[in-house]
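Here's a quick briefing to read alongside the model. Have the sequence and the 3D view open, and let's walk through it.

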Amino acid sequence: MEKIPRRQFLKNLALFLGPVFIPQIFPKRVFSQVIQVLPSEKPPSRRPIVSVVKGEDKKKMLAKVLQPFGGIGNFVKSSNRVVIKPNAAWERTPDEAATTHPELVRGMIELCYEAGAGEVTVVENTCDNFKSAFKVTGMNDAVKGTKAKLKALENKSDFEEIDIPKGEILKKAAVAKNVLGADVFINMPIAKVHSASKLTIGMKNHMGAVEDRGYFHLHGLNRCIADISTVLRPNLIVIDATRILLTNGPKGPGKVAAPNQVIAGTDQVACDSFAAGLFSMSGYDVEHIVEASKRGLGEIDLNKVDIRRANL
Amino acid sequence: MRRVTQLIFFAIFVFFLGRFVLENAAGIAAAISPTLQIGNFLRLNSVSFLWLIPAGLIVLLSLWKGRFFCWNICPVGFIQDILPSLSRWKSNVRGLNVVVFLFLFGASLLFLNLIGIFDPVVIFARVLSVFKRPVYVLGLWFLVPAAVVSILNFFGKRFWCFNLCPLGTFAEEAKKLRLYLVNKQKTEVDISRRTAIAAIGGGLAAGALLSLARSSYADERLIRPPGAVPEKFFKETCVRCGNCIKACITNGLQPCVTESGWDGIFTPRLVPRIGECDEYCNRCGLSCPTSAIRPLKLSVKRNVRVGLARVNRSACIAWSKGELCMVCSEFCPYLAVGSTENKGVPCPVVREDNCRGCGHCEKHCPVSGAAIRVYRLDV
């Protein structure tokens, strides 16, 4: 047997034993990318939650409807800038069910400030004249006595043009600066029928944060709504279904029903799809909801949605 | 001391004529002038009794103190006082003001409300309507009367007040009349009886001639504000103060240029493409000092028909291109735009019984130039 020099022996020894010992010297730094540490608790449900509360007292309903999400505190952190986008587009009284109920908006403003929000702004690009619209819908009263500001998006300077990378038709749009600069964006639509888009719930409400609505109508309304929803992603959606408009939407006056519900969620497609049920429709019947689900914005199939119901 | 009073009243006029704090404060402020009310009376248009109270107070003030209004209250007088002038003081042509007043009086009997048109408070109201945003080039024409007054003032201090102003003449002559009738005081007579008759006669003749040349033209898109008196009387009674144009919250009321003939220049018309007639607003009627636009309650105003909408099917994207639109129906406050199915797409149809001609549909139509437009009622 040929003799190995001592130096060669030590080299070989290092080559063979190295891989065994090196991991023990630098256990995490080198291999942590490979090793996946599984949490000990159960993984959270992948199904989006839609929470529904039926009742009379609007402020209590709001608090209750947010419980499955861990309350408003899970969305609004201390000194956050919150933007609430109600539907206050029309000169219609709250009873006519064309606009979000001012008490709900007020309740939300109060909840946000209780959670420590820095500033709360209620924004709307009204369809009718904003002075009249804010008076008649009761939005002026909703912010009165709170620190929240009510802002009508009426000037060119209120909007900023942004790119919509995932947009199919809408490649660019001028969107409200307040919404773009917000830490928390809360969409508070009312559920009602619509003469062109069939229903107007959450995603259709985004048109009130956009400058040029005419473009949507000229170039395919439903697909444009889905396009704008790829960039306007509310952190929280609270749908006012305390009363809903069944005919002559979106402005009315028409037949009003009172389901007395408030619906909340974080998945815009799931929320709209669920709220379509109020009109004996499903999300599949409404083209812009289908388009949005095609763009991967959320879950349209209610069988895959975790629906939490509660009564007050 | 006089400056202080003038400044206070100037601020009051600016406040009420410019800001619309109270519902019909602007109308009452402009109607404060008794000569404007004389013009209203000549054009046979009634103003509510309440509105005559401030004018009545001015009449009493004039009977007692003469030109007190001119020196202490009148905003146009104040403007002239603070603007520079070549001459130190009055440069009046003796008796000219009475002649002008009588001439305007005569002409107002047969033609437009000229006494009101040349009223100083109305001239000042026009100045304020320029500050309305957004400013239109056309609105600058409202500055012209005040500019002329200022230029005349430059050559002779308060030239307008002493030689032309109907209100100033009224105030001065009222006091003289009181002195003559009550105090039996002999006063100087500025003009002879013959000149007075000639002035009225000249006014009547001019009014007759001008009314022969009156235009009956009305554009098919001439839409008067809600509550406006019939077209023929509208041009006669409107003093073009610009109050309604300034009061309009949507900015839809704009001054006419040629749409209602040459004698209807600067009268208000609704341009729906700029702004619709708001459902919850009746400020134009409330701010009108002559009741050319009658003050209507909101519940009544909502149901007043000012025009009629019509769809141009070859321009409408629903009818011609099969696009999903129906914005007109969406915006209509009165359910006056119905829909019918055409090639599987809902298309707008005007329900004429419901249409008030408010112009929400035209304002928001996404087609350039609007495919649904509001027309005058009788075309």
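Where in chain B is B:Lys157 found? Look in the loop between helix H10 (144-155) and helix H11 (159-163) of chain B, and there it is. Keep in mind that this is a predicted model. Below, we start with that lysine, step back to chain B as a whole, and then turn to where chain B meets chain A.

**A lysine without a salt bridge**
- B:Lys157 is buried, yet it has no salt bridge.
- The nearest side chain of opposite charge belongs to B:Asp81, and it sits 4.8 Å away. That misses the salt-bridge rule because the rule asks for a Lys or Arg side-chain nitrogen within 4 Å of a carboxyl oxygen of Asp or Glu.
- B:Asp81 still has something to offer through its backbone: its backbone oxygen lies 3.3 Å from a polar atom of the B:Lys157 side chain.

**Chain B overall**
- Chain B comes to 20 helices and six strands.
- Taken along the principal axes, its C-alpha atoms fill a box of roughly 90 × 45 × 40 Å.
- Chain B has 379 residues, and 55% of them count as buried.
- If you take the contacts in chain B between residues at least 6 apart in sequence, 73% of those join residues at least 24 apart.

**How much of chain B meets chain A**
- On the chain B side, 22 residues take part in the contact, with 24 residues coming from chain A.
- B:Tyr280, B:Leu324 and B:Glu330 are the chain B residues that lose the most area to chain A, together making up 34% of what that side buries.
- Between them, the two chains bury about 1,900 Å², with 51% of it on carbon and sulfur atoms.

**Polar and charged links across the interface**
- How many salt bridges are counted between chain B and chain A? The count is one.
- The partners are A:Arg92 and B:Glu279, whose closest N and O atoms are 3.2 Å apart.
- For polar contacts, the rule finds nine residue pairs across the interface, both residues being at pLDDT 80 or more.

**What the chain B side is made of**
- Helix H19 (327-331) and helix H20 (360-364) of chain B each supply at least two residues of the side that touches chain A.
- H19(B) gives the largest share of that side, with four residues.
- Sorted by class, the side of chain B that touches chain A has 12 nonpolar, four polar and six charged residues.

How values were computed:
Residues are numbered from 1 along each chain as its sequence is written. Chains are lettered from A and ligands numbered from 1 in the order in which they are written. This is a predicted model: local features need pLDDT of at least 70, side-chain atom pairs count only at pLDDT 80 or more; totals for chains, interfaces and linings use all residues. Side-chain values use heavy atoms; hydrogens and water are left out. Contact means heavy atoms within 4.5 Å. Buried area is the accessible area (1.4 Å probe) that two parts lose on being put together, summed over both. A polar contact is a pair of N or O atoms within 3.5 Å; within protein, one must be able to donate a hydrogen and the other to accept it, and residues adjacent in sequence count only if both atoms are side-chain atoms. Ala, Val, Leu, Ile, Met, Phe, Trp, Tyr, Cys and Pro count as nonpolar, Asp, Glu, Lys and Arg as charged, and the others, Gly among them, as polar. Buried means under 20% relative accessible area, exposed over 50%, partly exposed in between (1.4 Å probe, protein chains only). Lys and Arg count as positive and Asp and Glu as negative; His and the chain ends are not counted.
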